[in-house]
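Trainee: I would like to go through how the two chains meet. Please show me the model first.

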2 protein chains.
Amino acid sequence: MEDVKVFGLWSSPYTQRVVWTLKLKGVSYEYYGEDLANKSSLLLQYNPIYKKVPVLVHNGKPMAESMVIVEYIDETWPPFPLLPQDAYERSNVRFWSKFIEEKSMHMMEFFLYDGERQERAIKETLETLRVIEKESGLSEKMFIGGNTIGLADIALGWVAHTLPVMEEIVGVKFITIDAFPHLHSWVKNFLEIPAIKNNLPPHELLVEYFKERRKVFLAMTCHHHH
Amino acid sequence: MEDVKVFGLWSSPYTQRVVWTLKLKGVSYEYYGEDLANKSSLLLQYNPIYKKVPVLVHNGKPMAESMVIVEYIDETWPPFPLLPQDAYERSNVRFWSKFIEEKSMHMMEFFLYDGERQERAIKETLETLRVIEKESGLSEKMFIGGNTIGLADIALGWVAHTLPVMEEIVGVKFITIDAFPHLHSWVKNFLEIPAIKNNLPPHELLVEYFKERRKVFLAMTCHHHH
C-alpha cells in the first residue's frame, strides 16, 4: 500500500506541478491544504530548510522542492515518463527545466512591482519568453523536447494557467498568437491534457486571490523603496 | 569511438565540475580553453543561450549548464555513479545539488563587493554554510547523501578549492574546524579523491587570477552604485 501525502496551497503554481504530475501518473494521494499565515507544524518538520509548500511524503519519507519532487514521482511511478529514453534528449529537457525554473520568479516580477521596475520586468519576461519560443524546439514539437508532456513542460505549466491571471490583473498580454505562435500552441496543447485540464484552480478564485497578494506586495515594496 | 570535447576556462569552478566528473569516470576528452574576452565562434554556436563555459560536445552533440552536463556524464558513463540507487536517496542528493547550485553565486558575493554589501554577503554565506553543515547529513556520512562522492559534492566542489582562494584575497576564513567541523572534514575528504586532487588549477595562479577579477569587479560596482 502506497501512502502519499501532499502538503500544498491551492493557488500555488509550485504545488500544481506536484499535483499535475501525480494526476498524470494516476497516483492517489491525500491532500493537506496549508495556511501560509499559520503553517502546520508538520510542514515545518518536513521542510525545515525552506518551510514552504509543496512537500511530498511518500510512505513516511518527506521531500521538498517542486521540481525535485516531480522527478522523484517520475522515477517512482514509471508510466507516462516525463523524461526521454535517450540520454542526450534527457539532458536537453533537463536544461530547459532548469532554465525555466531559474527564470520563473523573475518572470513573475511584472506582477509584483509597479512603475519603472515593472516596465523593466515586463521587458525581461518578454526576453525570457522569446528564448523559450525560439530555442526550446517548440517550433518542431508539441512539447519541450518531445511530443508528449515532459519535465520542462511541468516546470513551465504556470505560464499556461497562472500567468493569464497575473496578466489580467496587471492589464498586459504576453503570449499572443502573433508575438509567440509556438508558445501560444504550447499553452493550448498543455491545457488539453486531461490531468492538467481537470486539476486547475478556478480562474475567478485565482484572480481574487492574486489581486489581494499584489496589493499586499505593492504596499510592502512602496514602504521599503520610496 | 567516443568523441568528447570540453570548452572551458581553467579558472572556472563550473568548468571544474565537468572536468572532475570526466576524470572520475575515466573518460578521455579534448580540452579547448576559451578566452572570455574573445569567445570562440564554436562556443557561441554550441551555447547560444548563455554563451558561457563549460560546454560539453559528445559525438558532435553540444550541451551547456555544468550540472546538466555532470548528470549527462553520469548517465552516459555508469562506473562510479554520482547518484544513489534508491529513488528517495537520489531525490535527497538532487535536493542538495539544487540548493548548492542556487546558492553558489550568492556565496561568492563577499568576494565581489566591499563595505556594507560585503558584510551582508559574509553573513549570508555563513548562513548558507550553516544549513549545509547541519542539514545535509554530513555529520553521518563522508559526502552529501553517501560515503562516496556524488552529484551534490560536485556542485559544492568549488567550496573546497576556489573558496579558499577568495578567502585568502579578502582576508576572511569561513570553514574552520571549530565553526564547521563537518564541512571541514568534507573539504579534506573531497580533496583526497585522486580525480579531484590531480585536477586542480594551481593555487598561486588562481590567487593571481581572482585578485585581478576582484579589482575589475569592484571598479565596475563603485562606478554604478556610488
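**The interface of chain A and chain B**

Mentor: Chain A and chain B bury about 2,500 Å² between them, with 65% of it on carbon and sulfur atoms. Buried area is the accessible area (1.4 Å probe) that two parts lose on being put together, summed over both. This is a predicted model, in which local features need pLDDT of at least 70, side-chain atom pairs count only at pLDDT 80 or more, and totals for chains, interfaces and linings use all residues. Residues are numbered from 1 along each chain as its sequence is written, chains are lettered from A in the order in which they are written, and side-chain values use heavy atoms, with hydrogens and water left out.

Trainee: Which three residues supply 25% of the area that chain A buries against chain B?

Mentor: No other three residues of chain A supply more of that area. They are A:Ile49, A:Tyr88 and A:Phe95.

Trainee: How many salt bridges does the rule find across the interface?

Mentor: A salt bridge is a side-chain nitrogen of Lys or Arg within 4 Å of a carboxyl oxygen of Asp or Glu. One of them joins A:Arg90 to B:Glu75, with the closest N and O atoms 2.8 Å apart. Across the interface of chain A and chain B, the rule finds 10 salt bridges.

Trainee: What relation links chain A to chain B?

Mentor: Copies are superposed by least squares on the C-alpha atoms of residues with pLDDT of at least 70 in both. A rotation of 180° with 0.0 Å of shift along its axis superposes chain A on chain B (RMSD 0.0 Å). That is the relation of a two-fold axis.
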